[in-house]
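Reader: Please give me a close look at one part of this model, the sheet and whatever lies against it. I am in my first year, so explain each term when you use it.

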Amino acid sequence: MRTLLLYLLLLALFQSSLAQAEGPEGSQEALSAWLTEITMNWATTANHDLTPDLRPGGDPLVTTAIEALNAPAEVKALLRARIARQRGDDVSAAARPIPAVALLLSQLPRKVFPDEALRQRLALPPADVSGTALAKAKLLDTSWAGTRIGINATGLSRSFLLDGTSFIELNEEDYRQRNGQITQFEEALNTRVNAYPAAASTRRGVNGGGMATLIWATDAKFFSLTLVTDHGDAIVQGAALLKRIAEGIEG
């Protein structure tokens, strides 16, 4: 049975452990209901018409316009509104605060898996960050991500502290392992990571903090990078740092 990895690239940003929900409650419920419906349909039929390209057996990495989705108008409107708010050129103060770095650090389990466990439980080795700024950052925590298959997992999440001030979370998933599919919204793709289209966003919180996110998919993996800082006035530089890190990741 084929599994739909319903990240839809930007939705992964919306539902990130660091991101906070926005939008009317009714729209949120409509989006959740639609996601549940198409995920269940995908698991039970070979011909669910999400769009012509988004069917079992199709390309594992698909780019589509929101208008092409077989979704209620309310869902499409919410997706467009969210993308507009998350565009990388919007650094205006957000309606909600950005979580403080100290708070994020206090919530971490601070468990770092040994290399042996990573080799045993991941089909693909973790991405190599030795050629990036993360090589000098402190690795604080690792956790399994994606789909769990017994004791194994399709992905990994790593949390770092850079220069004592910037909290950075790197997520990666081997989306091909479960014959999944990554869908990218054309409207969300506003930059590139090497040869791959990507979605970047930056925002400042009313409390003075800043958050930058970069999401992209390669031929083998889905990635997301999130940076949080208490210094929102430096978030544009933080976004540039994320892009340099992403371009230096191997694997």
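Author: Two strands pair if DSSP finds at least two bridges between them. Strands themselves are DSSP runs of E with at least two residues, helices are runs of H or I with at least four, and both are numbered from the N terminus. The model is a predicted one, in which local features need pLDDT of at least 70 and side-chain atom pairs count only at pLDDT 80 or more, while totals for chains, interfaces and linings use all residues. Residues are numbered from 1 along each chain as its sequence is written, and side-chain values use heavy atoms, leaving out hydrogens and water.

Start with one pair of strands. Nine bridges join S2 to strand S3 (residues 152–162), and the two run in the antiparallel sense. One point to look up is Ala145, whose bridge partner in S3 is Gly155. Strands of a sheet pair through backbone hydrogen bonds, in either a parallel or an antiparallel way.

Now the whole sheet. It is open, has seven strands, and follows the order S2-S3-S4-S9-S8-S7-S6 with antiparallel pairing. Strand S2 (138–149) and strand S6 (191–193) are the edges, each pairing on one side only. On average, neighbouring strands of this sheet are turned by 20° against each other, with direction ignored. Here axes are lines fitted to C-alpha atoms, for helices over the stretch in contact, and angles run from 0 to 180 degrees between N-to-C directions.

Helix H6 (residues 235–248) packs on this sheet. The helix touches S3, strand S4 (166–173), S6, strand S7 (196–204), strand S8 (210–217) and strand S9 (222–229), where contact means heavy atoms within 4.5 Å. The direction of H6 makes about 25° with that of S8.

The length of H6 can be checked. The expected span of a helix is 1.5 Å times one less than its number of residues. For the 14 residues of H6 this gives 20 Å, and its end C-alpha atoms are 20 Å apart, so the two agree.

Next, which side of H6 is covered? A residue is buried under 20% relative accessible area, exposed over 50% and partly exposed in between, using a 1.4 Å probe and protein chains only. In H6 the buried residues are Ile235, Gly238, Leu241, Leu242, Ile245 and Ala246. They cover an arc of only 135° around the axis and are therefore on the same side of H6; the arc is that of the directions from the helix axis to the C-beta atoms. Their cover includes S3, S4, S6, S7, S8 and S9. Exposed residues Gln237 and Arg244 sit on the face turned away from the buried side.

The sheet also takes part in aromatic pairs. Rings of Phe, Tyr and Trp (its six-membered ring) pair if their centres lie within 6.5 Å; planes under 30 degrees apart count as stacked, over 60 as edge-to-face and the rest as tilted. Two aromatic pairs are found by this rule. Phe113 and Trp144 have ring centres 4.4 Å apart and planes at 15°, so this pair is stacked. Phe113 lies in the loop between helix H4 (101–107) and helix H5 (115–121), and Trp144 in strand S2, so the pair ties together parts that are 31 residues apart in sequence. Both rings belong to buried residues, with Phe113 at 13% relative accessibility and Trp144 at 17%. The pair of Trp216 and Phe223 is stacked too, at 5.0 Å centre to centre and 15° between the planes. Trp216 is buried, with a relative accessible area of 2%, and Phe223 is also buried at 2%.

Two loops of the sheet hold an item to note. Asp163 lies in the loop between S3 and S4 and has a positive phi of about 55°, although it is not a glycine. With a relative accessible area of 69%, Asp163 is exposed. Asn194 lies in the loop between S6 and S7; its phi is near 55°, again a positive value in a residue other than glycine. At 47%, Asn194 is partly exposed.

Finally, the setting. The protein has six helices and nine strands, and 49% of its 251 residues are buried. Another pairing is that of S1 and strand S5 (residues 182–185), which run parallel and are joined by four bridges.
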